[in-house]
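The following exercises concern helix packing, aromatic contacts and backbone geometry. Each task is followed by a worked solution.

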Amino acid sequence: MPTASDHRPATLIAGGAVFPHRHLTGIDGLQPHEITFLLDEAEGWVEANRAHAAPDKRLAGLTQINAFFENSTRTLLSFEIAGKRLGADVVNMHAAQSSVKKGETLIDTAQTLNAMRADVIVIRHGSSGAVRLIADKVGCPVLNAGDGWHEHPTQALLDALTIRRRRGTIVNQRVVICGDVLHSRVARSNILALTALAAEVRVCAPPTLMPAAIERTGVTAFIDFDEALEGADVVMMLRVQNERMAGGYIPSTREYRTLYGLTPERLKRAQPGALVMHPGPMNRGVEIDSSVADGIQSAITEQVEMGVAVRMACLDVLTRQARGVEGWA
Amino acid sequence: MPTASDHRPATLIAGGAVFPHRHLTGIDGLQPHEITFLLDEAEGWVEANRAHAAPDKRLAGLTQINAFFENSTRTLLSFEIAGKRLGADVVNMHAAQSSVKKGETLIDTAQTLNAMRADVIVIRHGSSGAVRLIADKVGCPVLNAGDGWHEHPTQALLDALTIRRRRGTIVNQRVVICGDVLHSRVARSNILALTALAAEVRVCAPPTLMPAAIERTGVTAFIDFDEALEGADVVMMLRVQNERMAGGYIPSTREYRTLYGLTPERLKRAQPGALVMHPGPMNRGVEIDSSVADGIQSAITEQVEMGVAVRMACLDVLTRQARGVEGWA
Amino acid sequence: MPTASDHRPATLIAGGAVFPHRHLTGIDGLQPHEITFLLDEAEGWVEANRAHAAPDKRLAGLTQINAFFENSTRTLLSFEIAGKRLGADVVNMHAAQSSVKKGETLIDTAQTLNAMRADVIVIRHGSSGAVRLIADKVGCPVLNAGDGWHEHPTQALLDALTIRRRRGTIVNQRVVICGDVLHSRVARSNILALTALAAEVRVCAPPTLMPAAIERTGVTAFIDFDEALEGADVVMMLRVQNERMAGGYIPSTREYRTLYGLTPERLKRAQPGALVMHPGPMNRGVEIDSSVADGIQSAITEQVEMGVAVRMACLDVLTRQARGVEGWA
């Protein structure tokens, strides 16, 4: 169980054990001390990036393939910068316009990437479980950069790191996650990470966008956003997807804002100084007002910054065994 | 005021002062000796590139983000090669197909790039002033790779370098810029640079494509191309944009060529040996005939070559302060 | 004439002569010992890649431009990884969406790439002969990554390397190439390479997809796949292009599979342990059955692996003269 003292830097995780996972396909399956270990590792990269320090090219000579079957400019950019800062040969496969469209199976693509002797593969895919499927077929670590409605583990890690740095701890923080919880891999991974790290997690969504039996994941569910916000330490807004609007899940952006938009007035229901978060890109004026997004309580750009650090940590940790780092053989 | 002796290499600009600009958003605002300084810096890279010399990786460990909100294969390629030759970690953000399309604001994109701790950002954008807007929001140097109808400063620098190398000097050179002056950032930046460097600049355009009160910028305006060409030392042709045709600014490519195309016959009105230039890509047989584009007076491929050198110089100079280069703190 | 002993590593080709070609635009024009030399060079990179060995950055400081006028995720990825593993500054020009579409001529594009002082240019283009055209206009080596129906030399080299490694030799191997031979640059380059290396090559295609007078290339032609397979050591399947279906060359995928699909039953007609190959991406269930593609006789993923090694060898060999490697001046 992590405590407020979980900030100490670590090179090996508690008890001298190494991080025992070959892939990072999700937060599901990680122990709390393993999550904390990744956050600790990321801390060091935050400082290095801010100092624009002399580069530490520990992944020099390694090939990182970013296979994005679903477009995502920000996440791709973040993984690409992370890999290049560590010295990896980073290659992007824009699979959204690739032979996958020619009818090639996912397994064939996995075997192709594997045969090119990649050292680490970062995958984003529109189908839940696709990353796991690929991970099972390749001989190198696989990092999930978002798959369907399933998981987006590095997003949860960067959110946890942001909370830990800004609030001092994650333990007992009341975190409200509001929006389309049903279709959100961001929400799913965050629920797993934050409950593992002993936060008190509340989810809030319109009835049509609330997963059935969500309480089983250890969270409290709210339909009324005002009620959910009472005493919140952190308010994490989810992006409204235009396709939900078209699908009839949401009546209109106007009504959505009225009921679920984070306005300055509504934010006052949370704790004074409560942290405001959003995974981006934002729909300003829909799920979040500009004055809130740009206000002093906002940690939104800090989340982006933590993203690069977290991804550097994950790329580093997952390739340690292959690189023969001491204690990881 | 620059003279024909302005070729001497320089590391600090005249009087020991450093280049005092954080960004390069335009030629507007640069002093003549500052423009000359950038040209001098570029000279050294021309030779290094031709020698395919041992690489000088002075930007090693720095992150250069090329954020292109408007497609441009050539300019992107040129900036990417320039950065990689200097050892930077170069990352392209193909923003034309990015979250900007999801409705994200330009400011949000700027803050995202900034949060990733870029060391220099190169931006191309379809809207005039967008680059300036982003520059105001980020903590690192910004280079304008073309914004709307506003400016394209590295194009003007590479054109000036080409003229200086081929004609020996820019002072008193009669330069004719012909084409869609109204919508051309290339024309605008060139007018600013060449008049600053004491060239005699003439612009020539159909009446519908001539900016009002253009004479105030220090140039002479012509509707008749033959007249404009009299005694010209340099003829710089602008690309005919297909959208102008559709917009009714130009009656037909055939008529355009008759009145404003640079044919071998028409070129004879200029000085013997006058330089022929074009920013590319060319519409052969419209604004320029193939025999002229490929003739001995053409400096068109040399312009492309100067482009890489000029961009290396700009990337180097703008990051000196952050890199702690002596005299730049 | 190559023999089974052609595996010995070589740094200079037979007789102390260097590889005498500036470009690699096709297999056509290569001597058998020159093909063997490239395969020998590639062997070393196979081992290095498998060992994820300390990188040999012999192309450091060189600029490799991948100019792909036709989309190909796999081939681009393979060339990009090959160049980066060798330390080159690799720049991709996605020409399919570039100024070529603005009407720029191929020659202009070639001159632009050349003016940027590329050290090696890799080109893929939809028109036969386009690569040769560009090669004639530039001052650096050009590598053909596939042009129209003409050639795809690195594909033939990687196929030859795969056969040599798996079968011990290429001499006297009975290789059946089956599919759309008429429109296939893969078939064309393979016929040239394999006949040069003394294999016995059989081609098999529906009458509408069999080139006229194919026997003149030294192969035997079959319409009946079962007959062609008799005693085969290697079965190389070609991809069915959807556009052939639309063009009426093939009645239906169902009928195609019946007559020309490689099923487990049909494979039994070949030699026991015959090698199964496919350049990818596969249409599983059309030209090849999944149980065959994934079976123990399949070398399909090994082909992908050999692709990176072959491309490393070609990039290395073609830049030796410019790099002043001893014996190559």
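**Exercise 1. In this predicted model, determine where A:R311 lies relative to A:F79.**

Solution. A:R311 is placed over the face of A:F79, at 4.9 Å from the ring centre. Next, consider chain B: the charged end of B:R311 sits over the ring of B:F79, 4.9 Å from its centre.

**Exercise 2. Identify the residues that form an aromatic cluster with A:F19, and state how many aromatic pairs a search of the whole structure finds.**

Solution. A:F19 forms one aromatic cluster with A:F37 and A:W328. Over all chains, the search gives nine aromatic pairs.

**Exercise 3. Describe the packing of helix α3 of chain A and helix α12 of chain C.**

Solution. Two values are needed at the outset, since two packed helices are described by the angle between their axes and the distance between the axes.

1. Helix α3(A) spans residues 106-115 and helix α12(C) spans residues 300-318. Their axes are 8 Å apart, and the packing angle is about 40 degrees.
2. The two helices are therefore oblique to each other.
3. The crossing in which α3(A) passes α12(C) is right-handed.
4. From α3(A), the residues A:Q111, A:T112 and A:A115 meet C:T301, C:V304 and C:E305 of α12(C). By class, this contact has two nonpolar, three polar and one charged residues.

**Exercise 4. Carry out the corresponding description for helices α5 and α6 of chain B.**

Solution.

1. The axes of α5(B), residues 153-167, and α6(B), residues 185-196, come within 8 Å and cross at roughly 55 degrees.
2. It follows that α5(B) and α6(B) are oblique to each other.
3. α5(B) passes α6(B) in a right-handed crossing.
4. On the α5(B) side, B:P153, B:Q155, B:A156, B:D159 and B:I163 take part, and they meet B:V186, B:S189, B:N190, B:A193 and B:L194 in α6(B). The contact has six nonpolar, three polar and one charged residues by class.

**Exercise 5. Locate the cis peptide bond that involves A:P281, and state the sign of phi at A:R117.**

Solution. As background, most residues other than glycine have a negative phi, and most peptide bonds are trans.

1. The cis bond joins A:G280 and A:P281, with omega about -10 degrees. A:P281 belongs to the loop between β9 (275-277) and α11 (290-293) of chain A.
2. In chain B, a cis peptide bond joins B:G280 and B:P281, and omega is about -10 degrees. The loop between β9 (275-277) and α11 (290-293) of chain B holds B:P281.
3. A:R117, a residue other than glycine, has a positive phi near 60 degrees. A:R117 lies in the loop between α3 and β3 (120-125) of chain A.

Conventions. Residues are numbered from 1 along each chain as its sequence is written. Chains are lettered from A and ligands numbered from 1 in the order in which they are written. This is a predicted model: local features need pLDDT of at least 70, side-chain atom pairs count only at pLDDT 80 or more; totals for chains, interfaces and linings use all residues. Side-chain values use heavy atoms; hydrogens and water are left out. Axes are lines fitted to C-alpha atoms, for helices over the stretch in contact, and angles run from 0 to 180 degrees between N-to-C directions. Helices (H or I, at least four residues) and strands (E, at least two) are DSSP runs, numbered from the N terminus. Angles under 35 degrees count as roughly parallel, over 145 as roughly antiparallel, 65 to 115 as roughly perpendicular and the rest as oblique. A crossing is left-handed if the near helix is turned anticlockwise from the far one by less than a right angle, and right-handed if clockwise. Contact means heavy atoms within 4.5 Å. Ala, Val, Leu, Ile, Met, Phe, Trp, Tyr, Cys and Pro count as nonpolar, Asp, Glu, Lys and Arg as charged, and the others, Gly among them, as polar. Rings of Phe, Tyr and Trp (its six-membered ring) pair if their centres lie within 6.5 Å; planes under 30 degrees apart count as stacked, over 60 as edge-to-face and the rest as tilted. A charge sits over a ring if NZ of Lys or CZ of Arg is within 6 Å of the ring centre and within 35 degrees of the ring normal.
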